[in-house]
Amino acid sequence: MDVTTALIKETLRVMTPLPQLAHRVVQKDFMLGDIHIKKGTVLSPALLCNNFDERYHENPDVFDPTRFLDPNSRTSKTTAKDPYVFAPFSMGPRNCLGKTLAMFEGKIILALLEKNFTYKLSDPNYKLRMQQTFLFEPSEDISYDLEPKN
């Protein structure tokens with residue numbers, strides 16, 4: 001299951017469904033590093049930015065689930081030091097209550113699909129295009145041909 005977990009994590013890194021958190025209004029002046037943030041400023045953390053930052057991930061534009069399996073990878077080392085760098089379910093007291101369930105469901109669904117079906121894109125020329133609605137999602141449906149395994 002480690003490989004399946006790594007596959008899900010890498011998918012969430014590259015195509016995170018919620019690339020930015022809800023807007024928050026700053027309640028009092030504070031410093032963020034060397035940046036002064038004034039009371040009343042509207043902030044919306046963009047989680048997706050960290051997912052493609054070379055300071056945190058080697059070759060961030062490449063889909064590579066092994067980055068979550070190798071304890072010596074930049075991803076593993078960075079997230080061990082600062083878990084907020086990779087936060088597909090948010091972090092802290094307002095994180096996603098369903099994150100554990102979502103990970104279990106994802107593993108079960110992938111395992112069942114792999115065990116019971118062969119699959120391929122219905123249209124071999126399909127080009128994935130994403131759009132930002134409430135979620136970051138494909139702008140067009142993705143169709144697959146599923147064939148039961150014997």
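# Exercises on a predicted model

R67 and E10 form a salt bridge, with 3.0 Å between the closest N and O atoms; the term stands for a side-chain nitrogen of Lys or Arg within 4 Å of a carboxyl oxygen of Asp or Glu. R67 lies in the loop between α2 and α3 and E10 in helix α1, so the pair ties together parts that are 57 residues apart in sequence. Helices (H or I, at least four residues) and strands (E, at least two) are DSSP runs, numbered from the N terminus.

The model is predicted: local features need pLDDT of at least 70, side-chain atom pairs count only at pLDDT 80 or more, and totals for chains, interfaces and linings use all residues. Residues are numbered from 1 along each chain as its sequence is written, and side-chain values use heavy atoms, with hydrogens and water left out.

## Exercise 1

Describe the salt bridges of R13, R67 and K149, and state which residues are joined into one network.

Solution.

Step 1. A search of the whole structure finds 4 salt bridges. R13 bonds in this way with E10, where the closest N and O atoms are 2.8 Å apart. R13 and E10 are 3 residues apart in helix α1 (residues 2-14), which means that about one helical turn separates them.

Step 2. Check the accessibility of these residues. Buried means under 20% relative accessible area, exposed over 50%, and partly exposed in between (1.4 Å probe, protein chains only). R13 and E10 are buried, and R67 and E10 are both buried.

Step 3. Turn to K149, which forms a salt bridge with E114, the closest N and O atoms being 3.8 Å apart. K149 lies in the segment after β8 and E114 in helix α4, so this pair ties together parts that are 35 residues apart in sequence. K149 is partly exposed at 35% relative accessibility, and E114 is partly exposed at 44%.

Step 4. Salt bridges that share partners join E10, R13 and R67 into one network.

Step 5. R13 has a further partner: its charged end sits over the ring of F52, 5.4 Å from the ring centre. For this, NZ of Lys or CZ of Arg must be within 6 Å of the ring centre and within 35 degrees of the ring normal.

## Exercise 2

Find the aromatic pair and classify it as stacked, edge-to-face or tilted.

Solution.

Step 1. The structure holds 1 aromatic pair. Rings of Phe, Tyr and Trp (its six-membered ring) pair if their centres lie within 6.5 Å; planes under 30 degrees apart count as stacked, over 60 as edge-to-face and the rest as tilted.

Step 2. The ring centres of F68 and F86 are 5.0 Å apart and the planes stand at 50°, so the pair is tilted.

Step 3. Place the two rings in the chain. F68 is in the loop between α2 and α3 and F86 in the loop between α3 and α4, 18 residues apart, and the pair links distant parts of the chain.

Step 4. F68 is buried with a relative accessible area of 17%, and F86 is buried at 11%.

## Exercise 3

State where T75 and N51 are found, and which residues each one contacts.

Solution.

Step 1. T75 is in helix α3 and is buried, at 0% relative accessibility. N51 is in helix α2 and is buried, with a relative accessible area of 4%.

Step 2. Contact means heavy atoms within 4.5 Å. Leaving aside neighbours within four places in sequence, T75 is in contact with Y56, H57, E58, R67 and F68.

Step 3. Not counting residues up to four places away in sequence, N51 touches L12, R13, T16, H57, P60, V85 and F86.

## Exercise 4

Name the loop that holds S139, and say how far S139 is from S122 in sequence and in space.

Solution.

Step 1. S139 is in the loop between β7 (136-138) and β8. S139 is partly exposed, with a relative accessible area of 35%.

Step 2. S139 and S122 are 17 residues apart in sequence and 17 Å apart in space, C-alpha to C-alpha.

Step 3. Apart from neighbours within four places in sequence, S139 is in contact with R129, M130 and Q131.
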